[in-house]
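Hi everyone, thanks for making time this morning. I'd like to walk you through one model, starting at the ligand and then moving on to how some of the helices pack.

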Amino acid sequence: MPDILKIKQLTRQFKIGGMLLGSKITAVDQIDLAITGEKPQILSIVGESGCGKTTLAKMILQLLEPSSGAIEIDGVPLSYYAKSKRRKAFYKKVQPIFQNPFTSFSSRRTVESYLYETAYNLDIAKSKQEAKQLIKEALQSVGLEYEQITGKYPNQFSGGELQRLSIARALIPKPRLIVADEPVAMIDASLRMNIVNLFKKLKDEYNVSFIYITHDLSTAYYVSDYIATLYRGNLIEYGKAREILSQPAHPYTELLLNSIPRVGQKWDEEAKLPEMETKEYAMNGCKFAGRCAYVKEVCRSSKPPLMELENGHQVLCIKFNDYKPVAQNEPITHAVSPISKNKSM
Ligand SMILES: Nc1ncnc2c1ncn2[C@@H]1O[C@H](COP(=O)(O)OP(=O)(O)OP(=O)(O)O)[C@@H](O)[C@H]1O
Ligand SMILES: [Mg+2]
């Protein structure tokens, strides 16, 4: 069985600044990441604002073209789905959930029209009866009843209910993977855990994996099977959620864990560091060197290797130089094919 998701040496650069004095930042820097095996999993991607989470998510969702590297879903390279006639096939495999449920639905349409649209447009239902059945099931899975929602417009729902509706919609094609970029950021803090808990339930019920992108470490640690931490475009730590929680390896993860305040609080609410962000992106050595409690001279000059600890736990830090480096990924067998140029970035 192929892996549900395989990301190989994925890189995306952006030009910043003006035409003449402009430079580039590498928002996602040669990332290897996978959801392996047949069993669905929840992989959380955590990291503070500007570390590359959305850039990574957009590439998985084919909304942004990689600069280099490759992504496979169920063994099929994403480049296969780049042709417009294969868009339906792609959305049957991978579904997005966005941050703001109020912009996912137009205020002039009933919410059920969106659910029917997904069922029909992706050729999942052939008749109204069939569509209704699928929609009922999906709604029930997220704790809503069909009768409760019919004829209603988005403004008749709370943010939490609307986000449940977006999740129900994403379930209709029974995808392999749901990519949820900050799905609870706009939702009342008291309701966040309810929504995130749904992912755990749906994972088994629908046999679907989740990429859960968040600032909110407390929900991430609670819900995930695996956690990947990003810092300035680098994957700096990856491993089983429980292991990362009990034995964080990277000094940054350690810092984050020590600063977990309470459910719902974003850690960068206190420390927004925009100038530091660009400066750190431009650093040659370890991008965390300027903030690290254990920094050595070498950290500022050379990029640390990704080291393999026990149980697949990986860390990008010279503190672990006694361990062996993560084996080089097998070479990329297929080039990234250009995604249609007119697509919004
Ligand atoms: N279209 C773009 N053009 C130029 N720079 C970009 C573009 N999109 C993202 N970036 C830059 O790439 C870096 C990563 O951005 P990204 O949106 O992926 O971060 P993020 O982790 O999702 O942040 P947040 O938590 O605030 O959503 C940032 O420095 C950002 O300014
Ligand atoms: Mg983002």
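How do the residues of the shell around ligand 1 divide into nonpolar, polar and charged? Before I answer, please keep in mind that this is a predicted model. The split is five nonpolar, six polar and four charged.

So who is in that shell? Ligand 1 is surrounded by 15 residues, and the closest are Ser49, Gly50, Lys53, Thr55 and Glu277. H1 gives the largest share of the shell, three residues.

Let's look at some polar contacts, taking side chains and oxygen atoms of the ligand. For Thr55, an N or O atom of the side chain sits 2.5 Å from an oxygen atom of ligand 1. With Lys53, the distance from a side-chain N or O atom to a ligand oxygen is 2.8 Å. And for His215, again between a side-chain N or O atom and an oxygen of ligand 1, we have 3.3 Å.

How much of the ligand is covered, then? On its own, ligand 1 exposes 630 Å², and the protein buries 66% of that. Turning to the elements around the ligand, those that give two or more residues to the shell are strand S2 (23–35), helix H1 (53–60) and helix H13 (274–281).

Now for the helix packing. Two packed helices are described by the angle between their axes and the distance between those axes.

Please find helix H8, residues 159–171, and helix H9, residues 189–205: their axes come within 11 Å and cross at roughly 20 degrees. Angles under 35 degrees count as roughly parallel, so H8 and H9 are roughly parallel to each other. The crossing of H8 past H9 is right-handed.

My other pair is helix H5, residues 111–121, with helix H6, residues 128–141. Their axes are 10 Å apart, and the packing angle is about 120 degrees. That makes H5 oblique to H6. H5 and H6 also have a right-handed crossing.

Thanks for listening, and I'm happy to go back to any view.

Technical notes: Residues are numbered from 1 along each chain as its sequence is written. Chains are lettered from A and ligands numbered from 1 in the order in which they are written. This is a predicted model: local features need pLDDT of at least 70, side-chain atom pairs count only at pLDDT 80 or more; totals for chains, interfaces and linings use all residues. Side-chain values use heavy atoms; hydrogens and water are left out. A residue is near a molecule or strand if one of its heavy atoms lies within 4 Å of it. A polar contact is a pair of N or O atoms within 3.5 Å; within protein, one must be able to donate a hydrogen and the other to accept it, and residues adjacent in sequence count only if both atoms are side-chain atoms. Accessible areas come from the Shrake-Rupley method with a 1.4 Å probe; for residues, only the protein chains shown count as cover. Helices (H or I, at least four residues) and strands (E, at least two) are DSSP runs, numbered from the N terminus. Ala, Val, Leu, Ile, Met, Phe, Trp, Tyr, Cys and Pro count as nonpolar, Asp, Glu, Lys and Arg as charged, and the others, Gly among them, as polar. Axes are lines fitted to C-alpha atoms, for helices over the stretch in contact, and angles run from 0 to 180 degrees between N-to-C directions. Angles under 35 degrees count as roughly parallel, over 145 as roughly antiparallel, 65 to 115 as roughly perpendicular and the rest as oblique. A crossing is left-handed if the near helix is turned anticlockwise from the far one by less than a right angle, and right-handed if clockwise.
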